[in-house]
Amino acid sequence: MEHGDNDNIDFQWCAYCWAHKVQSKLWLGTGFGVNYSFRVELNEFYVHEPVWPVPGGGGGYNNRLANGSSEILIWNGISVFATKFLFSRCSGAGSVTAYNYVDMGFISGDDTWQEVGLNNSHMVGSHHMLFEGTTASTSTHR
């Protein structure tokens with residue numbers, strides 16, 4: 001999937017949905033978004049190269065959990081070349097991010113920012129999320 005104008009792949013109001021062996025690249029917004037969903041699984045994915053990796057605008061995020069999404073499983077994937085690799089906004093309870101390759105974060109256009117690569121604390125209500133076997137870098141200006 002490529003060239004999405006408002007995210008590439010979104011799970012909206014899903015229960016027990018999944019994506020397996022999917023590549024997402026060159027989007028505006030988020031590569032994979034999970035919104036108002038329960039028990040979504042993202043497995044063996046490759047997400048990379050947003051078109052606008054600038055902080056604060058949400059245009060350079062690879063994976064997003066939002067709006068009460070819970071018990072999401074994100075595993076065995078590759079997430080590279082983005083401002084944020086994964087972030088949770090008002091969601092995440094009971095979710096697991098495990099055994100992913102996460103690296104090469106960058107921020108374009110502003111050398112005063114630094115971002116956390118894996119972030120489960122964006123906005124109120126994000127809690128109880130397990131990060132296992134995934135080492136993530138921070139994003140810095142390039």
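Me: Ala, Val, Leu, Ile, Met, Phe, Trp, Tyr, Cys and Pro count as nonpolar; Asp, Glu, Lys and Arg count as charged; the others, Gly among them, count as polar. How do the residues of the lining of the largest cavity divide?
Reply: This is a predicted model. The lining is made up of F45, N63, I74, S79, F85, L86, T97, N100, V102 and L118. Sort them by type, and the split is six nonpolar, four polar and no charged.

Me: How many cavities of 30 Å³ or more does a search of the whole structure find?
Reply: Rolling a probe the size of a water molecule over the atoms shows where empty space is left. Apply the 30 Å³ limit to the whole structure, and the count is one.

Me: How much space lies in the largest cavity?
Reply: I74 and T97 are among the residues that line this cavity. The space in it comes to about 50 Å³.

Me: Which residue in β11 is the bridge partner of I74?
Reply: I74 helps line the largest cavity. Strand β8 covers residues 73-75, and three bridges join it to the parallel strand β11, residues 95-98. L73 of that pair is bridged to V96. For I74, the partner is T97.

Me: In what order do the strands of the five-stranded open sheet stand?
Reply: Pairing in this sheet is parallel. β11 and β15 are one of its pairs, with four bridges between them. Across the sheet, the order is β2-β5-β8-β11-β15.

Me: Why is one side of β2 and of β15 left without a neighbour in the sheet?
Reply: Look at the order again: β2-β5-β8-β11-β15. β2 (18-20) and β15 (129-132) each have one side free because they stand at the edges, each with a single partner strand.

Me: Which residue in β15 is the bridge partner of A98?
Reply: β11 runs over residues 95-98. It pairs with β15 in the parallel sense over four bridges. A98 has as its partner E132.

Me: What is the average twist from one strand to the next in the four-stranded sheet?
Reply: This open sheet has parallel pairing and the order β3-β6-β9-β12. β3 (23-25) and β12 (101-103) stand at its edges, so each has one side without a neighbour in the sheet. From one strand to the next, the twist averages 5°.

Me: Which residue in β9 is the bridge partner of H48?
Reply: Strand β6 holds residues 46-48, and strand β9 holds residues 78-80. Three bridges pair these strands in the parallel sense. The partner of H48 is V80.

Me: Which side chains of strand β1 point to one face and are buried?
Reply: The side chains alternate along residues 9-12. D10 and Q12 point to the other face and are not buried. That leaves I9 and F11.

Me: Which residue in β4 is the bridge partner of Q12?
Reply: β1 pairs with strand β4, residues 29-35. The two run in the parallel sense over four bridges. Q12 is matched with N35.

Me: Does D7 count as buried or exposed?
Reply: D7 lies in the segment before β1. Its phi is positive, about 80°, although D7 is not a glycine. Buried means under 20% relative accessible area. D7 has 10% relative accessibility, so it counts as buried.

Me: What does L26 count as at 24% relative accessibility?
Reply: L26 lies in the loop between β3 and β4. It has a positive phi of about 55° although it is not a glycine. The cut-offs are under 20% for buried and over 50% for exposed. At 24%, L26 therefore counts as partly exposed.

Me: How far apart in space are A66 and A15, C-alpha to C-alpha?
Reply: A66 lies in strand β7, residues 60-66. With 0% relative accessibility, A66 counts as buried. A66 and A15 are 51 residues apart in sequence. In space, their C-alpha atoms are separated by 14 Å.

Me: Which element of the protein chain has the lowest mean pLDDT?
Reply: The protein chain has a mean pLDDT of 88, and 92% of its residues reach 70 or more. Strand β5 (residues 41-43) has the highest mean among the elements, at 98. The lowest is 58, for residues 140-141, strand β16.

Methods:
Residues numbered from 1 in each chain as written. Heavy atoms only, no water. Pairing = 2+ DSSP bridges. 1 Å grid on protein atoms, 1.4 Å probe; cavity = no way out; pocket = protein on both sides within 12 Å on 5 of 7 lines; lining within 4 Å. Points joined across faces, edges and corners; volume = space filled by probe spheres on them. pLDDT = per-residue confidence, 0-100. Buried < 20%, exposed > 50% of the residue type's maximum accessible area, 1.4 Å probe, protein only. Axes fitted to C-alpha atoms, helices over the stretch in contact; angles between N-to-C directions.
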